[in-house]
Amino acid sequence: MISLSSYAFVSMILFSIGVIGVIARRNIFVIYMSIEMMLNGVNLFLATFARYHFNMDPQVVTVIVISIAAAEAAIFLSAIILLYRSKKSLDTDIFTSLSQGEKS
Amino acid sequence: MIDVVFIGLSFLAISGAIAMIVYANPMYSALGVLISMLSVAGMFALLNATFLFMVQIIVYAGAIMTLILFILMFLNIKEEDLPKEPKKFQLIAIGAVVMIPLNVLILEAVSKLPAKDLSVIDSDFGDIKPLGKVLYNDWILAFELISILLLVALIGSVVLAKKRKSRIKDEIDPQTVPTSSQTNKGEQL
C-alpha cells in the first residue's frame, strides 16, 4: 500500500531539487524551471493531503497555484527575452549590472 | 499493481528533476522538466484528482513547457553563449547538505500522522463538479484576484516584450541615421 510518507518523500525531493537548482545554477532558464519544480512539489503535497483528509480545498489551492505559475511564465519569459536582447547572455552574474548602454 | 505504477512515476519524476539541474544545455533541462511534470500528473491521477491531472497536462506540459521550448528555439542559444559553471557540482552538494535537515524534519512530522488508505476509489472526489462548487463558493475572492492577476500578466508581458530597441541603439551609437532604426525593426527579434 502506498503510504502518505512516500508521496511526501517524492514531493519533498522535487522541492529540494528546485531549491538546489536556484542555488547552484547560473543559467536563467534553469533557474526558472527550478522555480516551476518547487511549485510542482508543493502541488503534489497539497493534492496528497486533499486525498488524505478527503477535502476539496487543497485541490482548489492547487488550481490557483497553477494559474499563478501560468501568469508567472508569461512575465518571466518576456523578461528573459529583454535581458537576452540587451546583454546577449543567459548568465545571471552578468545581469547584476542592469544599466542599458554597457556591453556585458 | 498500483505500487509498481507509483514507483515508476516517482522514479521518472525524480530522475527528470535531476536531469534538469545536471545538464548544461537548457533544452535537455526543459525535456527533463517535461518528463517530471507528466509524472506528477500521473501521481495526481493516483490521488483521485482527475481535474488536476488534466490541468497539469494541459497547462504545465502543454502550455508552459511549450512556451519555454519555443523561447529557447527563438533565442537560438549557441554553445558558447551558455554560462560557464565550473563549481556546479560543489554547489549542488552544498545545496543538498542544506536541504537534507528540512526533508528529515518534514518526513518525521508526516510519518507521525495516522495511516490512512490512499488508494484510488470510485467516487466523484476531485472531479470538476465538486471542485467548481468549492471554487465558486468558498474561494470566490481568490478566483477574482486570479483573474485580475492574469489580466495584469497579459498586459505586462505585451508591454515588456514590445520593441523599444531603437531608443537604446541611438544612445549607444548616435551617429546612426534615424531612418536606419526604422528599417532594422523588421529583422530584430
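These are my notebook entries on a predicted model with chains A and B.

**Entry 1: chain B overall**

I began with the secondary structure of chain B. I found 8 helices and 0 strands there. Read from the N terminus, the order is α-α-α-α-α-α-α-α. I then checked burial. Of the 189 residues in chain B, 21% are buried. I also looked at contact range. Taking contacts in chain B between residues at least 6 apart in sequence, I get 49% that join residues at least 24 apart.

**Entry 2: helix α2 of chain B**

Next I picked α2(B), residues 26-46. This helix has 21 residues. From first C-alpha to last I read 30 Å, close to the 30 Å expected at 1.5 Å a residue. I asked how much of α2(B) is covered. The helix is mostly covered, with 15 of its 21 residues buried. Just past the end of α2(B), I noted Asn48(B), where phi is positive at about 70°.

**Entry 3: Ala30(B)**

I took one residue from that helix, Ala30(B). Is Ala30(B) buried or exposed? I count 21 C-beta neighbours inside 10 Å, so Ala30(B) is buried; the cut-off for buried is 20 or more. I listed its contacts, leaving aside neighbours within four places in sequence. From chain B, Ala30(B) touches Met65(B), Ile68(B), Leu69(B) and Leu72(B). From chain A, Ala30(B) touches Met33(A). I also checked the distance to Ala19(B), 11 residues away along the chain. The two C-alpha atoms are 9.1 Å apart.

**Entry 4: the nonpolar core**

I looked up the largest nonpolar core. It has 56 residues. The residues with the most contacts inside it come from both chains: Leu14(A), Met33(A), Leu44(A) and Ala47(A), then Val33(B), Phe44(B) and Met65(B). Which helices feed this core? In chain A, α1 (4-24), α2 (28-53) and α3 (57-87) each give at least two residues. In chain B, α1 (2-22), α2 and α3 (50-75) do likewise. The most comes from α2(A), with 11 residues.

I followed Leu44(A) further, again skipping neighbours within four places in sequence. Within chain A, Leu44(A) meets Tyr7(A), Val10(A), Ser11(A) and Leu14(A). Across in chain B, Leu44(A) meets Val40(B) and Met43(B).

**Entry 5: α3 against α3**

I compared the axes of α3(A) and α3(B). The angle is about 5° and the axes lie 11 Å apart. The pair is therefore roughly parallel. On the α3(A) side, I noted contact residues including Gln59(A), Thr62(A), Ile66(A), Ala73(A), Leu77(A) and Tyr84(A). On the α3(B) side, they include Leu52(B), Val59(B), Tyr60(B), Ile64(B), Ile68(B) and Leu75(B). By class, I get 19 nonpolar, 2 polar and no charged residues in this contact.

**Entry 6: α2 against α3 in chain A**

How do α2(A) and α3(A) pack, in angle and axis distance? The angle is about 175°, with the axes 9 Å apart. These two helices are therefore roughly antiparallel. From α2(A), the contact includes Tyr32(A), Glu36(A), Leu39(A), Asn43(A), Ala47(A) and Phe49(A). From α3(A), the contact includes Pro58(A), Val61(A), Val65(A), Ala69(A), Phe76(A) and Ile80(A). I sorted this contact into 15 nonpolar, 3 polar and 1 charged residues.

**Entry 7: where the chains meet**

I then turned to the contact between the chains. It takes 63 residues from chain A and 76 from chain B. I looked at which helices of chain B take part. Helices α1, α2 and α3 each supply at least two residues of the side that touches chain A. So do α4 (88-111), α5 (128-137), α6 (140-160) and α7 (165-172). That side of chain B divides into 57 nonpolar, 11 polar and 8 charged residues.

**Entry 8: positive phi in loops**

Last, I checked two loop residues. Phe54(A) sits in the loop between α2 and α3 of chain A. Its phi is near 55°, positive though Phe54(A) is not glycine. I counted 12 other C-beta atoms within 10 Å, so Phe54(A) is exposed; the cut-off for exposed is 12 or fewer.

Asn76(B) sits in the loop between α3 and α4 of chain B. Here too phi is positive, at about 55°, and Asn76(B) is not a glycine. With 8 C-beta neighbours inside 10 Å, Asn76(B) is exposed.

Terms used
Residues numbered from 1 in each chain as written. Chains lettered and ligands numbered in written order. Predicted model: local features only at pLDDT ≥ 70, side-chain atom pairs only at ≥ 80, totals over all residues. Helix = DSSP H or I, 4+ residues; strand = E, 2+ residues; numbered from the N terminus. Expected span 1.5 Å × (residues − 1). Core = buried A, V, L, I, M, F, W, Y, C linked by C-beta atoms within 7 Å. Contact = placed C-beta atoms within 7 Å. Axes fitted to C-alpha atoms, helices over the stretch in contact; angles between N-to-C directions. Parallel < 35°, antiparallel > 145°, perpendicular 65-115°, else oblique. Nonpolar A, V, L, I, M, F, W, Y, C, P; charged D, E, K, R; others polar.
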